[in-house]
Amino acid sequence: MPLYELVCISRAALSQSAMAGLLKRSAETVLDRGGAVRGFVNMGRDQTLPYRMRRHMEYHTTGTYWLMHYYANPKTSGVLMSQLKLDPRVIRCNVVKVSDKLNEMVATSESIVTF
C-alpha cells in the first residue's frame, strides 16, 4: 500500500472536542477500509490563511492546519476526500502520494540482510 499525506485546513474556531471528532472520523475512514494511520501533525491553530477562502457559503480568513500520514489503497483516498469536502468543519483538503512502497522511504545499506 502506498503512503499518503492528507493536508487539511479546518475552521479556526473549532472546540477541542470538535477537532478531535474530525481527526477521529478521518482515521476511522482509513481504518475501516483496511488502511493504517501512521500519525497526525498539528501545523498550527488559528493561523491567517494566505487569502480569503470560501467554503460552505462562508468566507474564512483564519484556519487550523493539520496533516495525517496513512497507508491505504487509492480508492480509500477518494472516499476520504469526498467525506472531508462535505464536512462543514473543513475549509480545504488535499491528498499527496508520498511513496509507493516502504522500501523507498527507508534507506537500506548493503550490510542489512532482508528475508
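These notebook entries record what I looked up in one protein chain, whose structure is a predicted model.

**Entry 1. Overall layout**

I began with the secondary structure. The chain contains 3 helices and 4 strands. Following the sequence from its start, I read the order of these elements as β-α-β-β-α-β-α.

I then looked up how much of the chain is covered. Of the 115 residues, 35% are buried. The exposed surface comes to about 7300 Å², and carbon and sulfur atoms account for 55% of that area.

I also looked up how far apart in sequence the contacting residues are. Taking contacts between residues at least 6 apart in sequence, I found that 77% join residues at least 24 apart.

**Entry 2. Strand pairing around β1**

Which strands does β1 pair with? Strand β1 covers residues 3-11 and is joined by 9 bridges to strand β3, residues 58-71. Strand β1 is also joined by 8 bridges to strand β4, residues 90-99. I noted the direction in each case: β1 and β3 run antiparallel, and β1 and β4 run antiparallel.

I used Y4 as a marker for both pairings. Y4 stands opposite Y70 in β3, and Y4 also stands opposite K97 in β4.

**Entry 3. The nonpolar cores**

I next turned to the interior. As a general background note, nonpolar side chains tend to be buried together in soluble globular proteins.

In this model the largest nonpolar core has 16 residues. The residues with the most contacts inside this core are L6, W66, M68, Y70, L80, L84 and C93. The elements that give two or more residues to the core are β1, α1, β3, α2 and β4. A second, separate core holds 5 residues, among them L49, M53, Y65 and I91.

Which residues does W66 touch? Leaving aside residues up to four places away in sequence, I listed the contacts of W66 as L6, V7, C8, S10, M19, L22, L23, S26, F40, V41, N42 and M43.

**Entry 4. Salt bridges**

How many salt bridges does the structure hold? I recorded 4, and I examined several of them in turn.

R11 forms a salt bridge with E58, and their closest N and O atoms are 3.2 Å apart. This pair links distant parts of the chain, since R11 belongs to strand β1 and E58 to strand β3, 47 residues apart. I checked the exposure of both partners. R11 is partly exposed, with a relative accessible area of 21%, and E58 is partly exposed at 36%.

D87 forms a salt bridge with R25, again with the closest N and O atoms 3.2 Å apart. D87 lies in the loop between α2 (74-86) and β4, while R25 lies in helix α1 (residues 16-32), so this pair ties together parts that are 62 residues apart in sequence. Is D87 buried or exposed? D87 is buried, because its relative accessible area is 3% and the cut-off for buried is under 20%. Its partner R25 is partly exposed, with a relative accessible area of 36%.

D100 forms a salt bridge with K97, and here the closest N and O atoms are 2.6 Å apart. D100 is partly exposed, with a relative accessible area of 39%, and K97 is partly exposed at 46%. I also noted that salt bridges that share partners join R25, D87 and R89 into one network. K97 had already appeared in my second entry, as the residue of β4 opposite Y4.

**Entry 5. Backbone angles between β2 and β3**

Finally I looked up the backbone angle phi in the loop between β2 and β3. H56 lies in this loop, where β2 covers residues 36-55. H56 has a positive phi of about 55°, although H56 is not a glycine. M57 lies in the loop between β2 and β3 as well. Phi of M57 is also positive, near 65°, and M57 is a residue other than glycine.

Is M57 buried or exposed? M57 counts as exposed, because its relative accessibility is 73% and the cut-off for exposed is over 50%. H56 is partly exposed, with a relative accessible area of 32%.

Terms used:
Residues are numbered from 1 along each chain as its sequence is written. This is a predicted model: local features need pLDDT of at least 70, side-chain atom pairs count only at pLDDT 80 or more; totals for chains, interfaces and linings use all residues. Side-chain values use heavy atoms; hydrogens and water are left out. Two strands pair if DSSP finds at least two bridges between them. A salt bridge is a side-chain nitrogen of Lys or Arg within 4 Å of a carboxyl oxygen of Asp or Glu. Buried means under 20% relative accessible area, exposed over 50%, partly exposed in between (1.4 Å probe, protein chains only). A nonpolar core is a set of buried Ala, Val, Leu, Ile, Met, Phe, Trp, Tyr and Cys residues joined through side-chain atoms within 4.5 Å. Contact means heavy atoms within 4.5 Å. Accessible areas come from the Shrake-Rupley method with a 1.4 Å probe; for residues, only the protein chains shown count as cover.
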